[in-house]
Amino acid sequence: MFHTDCPARDVVDHVTSRWGIWVLISLRSNDLRFYELRESIQGVSEKMLAQTLRALVQDGLVWREVEPTTPPQVTYGLTEFGRDVGEPLAELFDRITQRLSPRNAE
């Protein structure tokens with residue numbers, strides 16, 4: 001049974017949120033600055049991306065580094081925990097993409 005006060009439940013909710021999955025998939029290959037990440041995830045608003053990143057950083061899945069420049073440059077990447085969680089999601093996405101590709105070619 002999954003209790004509402006289970007700490008893992010919040011992490012799962014953040015990972016499987018509409019944008020959480022795409023953040024983890026987008027960061028699997030490279031660390032990205034905020035605007036690079038936003039460009040890689042089509043359809044996400046700046047506000048939603050910021051909220052999603054805040055939750056994933058708090059959960060320990062994503063790290064955040066602020067460079068003291070003007071304006072500040074913020075870079076995000078996956079922690080080891082984030083890579084462990086994101087890898088199966090990326091594999092799932094890749095499998096779905098491979099399955100859909102032949103249909104789209106017909």
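Reader: Where does Gln58 lie?

Author: Gln58 lies in helix α4. Keep in mind that this is a predicted model.

Reader: Is Gln58 buried or exposed?

Author: Relative accessibility above 50% is called exposed. Gln58 is exposed, because its relative accessibility is 68%.

Reader: What separates Gln58 from Gln42 in space?

Author: Compare sequence and space. The two residues are 16 apart along the chain, and their C-alpha atoms are separated by 24 Å.

Reader: Which strands does helix α4 lie across?

Author: Helix α4 covers residues 46–58 and lies across β2 and β3. Its direction makes an angle of about 110° with β2.

Reader: How do I read the sheet, and in what order do its strands stand?

Author: Start with the order, then look for the edges. Here 3 strands form an open sheet, ordered β1-β3-β2, with antiparallel pairing. β1 (32–33) and β2 (62–67) are at the edges; each has a single partner strand, so one side of each lacks a neighbour in the sheet.

Reader: How many bridges join β1 to β3?

Author: There are 2 bridges between these antiparallel strands. For the register, take Leu32: Tyr76 in β3 stands opposite.

Reader: Now a single residue in the sheet. Which strand holds Thr75?

Author: Thr75 is in strand β3, which spans residues 73–78.

Reader: Is Thr75 buried or exposed?

Author: The cut-off for buried is under 20% relative accessible area. Thr75 is buried, because its value is 13%.

Reader: Which residues is Thr75 in contact with, beyond its neighbours within four places in sequence?

Author: One group is Asp31, Leu32 and Arg33; the others are Trp63, Arg64, Glu65 and Glu67.

Reader: Next, salt bridges. How many does the structure hold?

Author: It holds 3 salt bridges. For each, ask which elements the partners sit in, and how exposed they are. Take Asp94 and Arg28: their side chains meet at 3.2 Å, N to O. Asp94 is in helix α5 and Arg28 in the loop between α2 (20–26) and β1, so the pair ties together parts 66 residues apart in sequence. Asp94 is partly exposed at 30% relative accessible area. Arg28 is partly exposed too, at 38%.

Reader: Which salt bridge does Glu67 make?

Author: The side chain of Glu67 meets that of Arg33 in a salt bridge, at 3.6 Å, N to O. Glu67 belongs to strand β2 and Arg33 to strand β1, so this pair ties together parts 34 residues apart in sequence. Glu67 is partly exposed, with 24% relative accessibility. Arg33 is partly exposed, with 34%. Both residues are also in contact with Thr75.

Reader: What does Arg38 pair with?

Author: Arg38 forms a salt bridge with Glu46, at 3.6 Å, N to O. Arg38 is partly exposed at 32% relative accessible area. Glu46 is partly exposed at 36%.

Reader: Charges aside, which residues form a nonpolar patch on the surface?

Author: Look for nonpolar side chains that share accessible surface. Leu92, Ile96 and Leu100 form such a patch, with about 260 Å² of accessible area together. Take Ile96 as the example. It is in helix α5, residues 80–105.

Reader: How accessible is Ile96?

Author: Ile96 has a relative accessible area of 43%, so it is partly exposed. The partly exposed class runs between 20% and 50%. Helix α5 also holds Asp94, the salt-bridge partner of Arg28.

Conventions
Residues numbered from 1 in each chain as written. Predicted model: local features only at pLDDT ≥ 70, side-chain atom pairs only at ≥ 80, totals over all residues. Heavy atoms only, no water. Helix = DSSP H or I, 4+ residues; strand = E, 2+ residues; numbered from the N terminus. Buried < 20%, exposed > 50% of the residue type's maximum accessible area, 1.4 Å probe, protein only. Contact = heavy atoms within 4.5 Å. Pairing = 2+ DSSP bridges. Axes fitted to C-alpha atoms, helices over the stretch in contact; angles between N-to-C directions. Patch = residues over 30% accessible without salt bridge, like charges linked within 9 Å, V, L, I, M, F, W, Y side chains within 5 Å. Areas by Shrake-Rupley, 256 points an atom, 1.4 Å probe, with all protein chains shown as cover. Salt bridge = Lys/Arg side-chain N within 4 Å of Asp/Glu carboxyl O.
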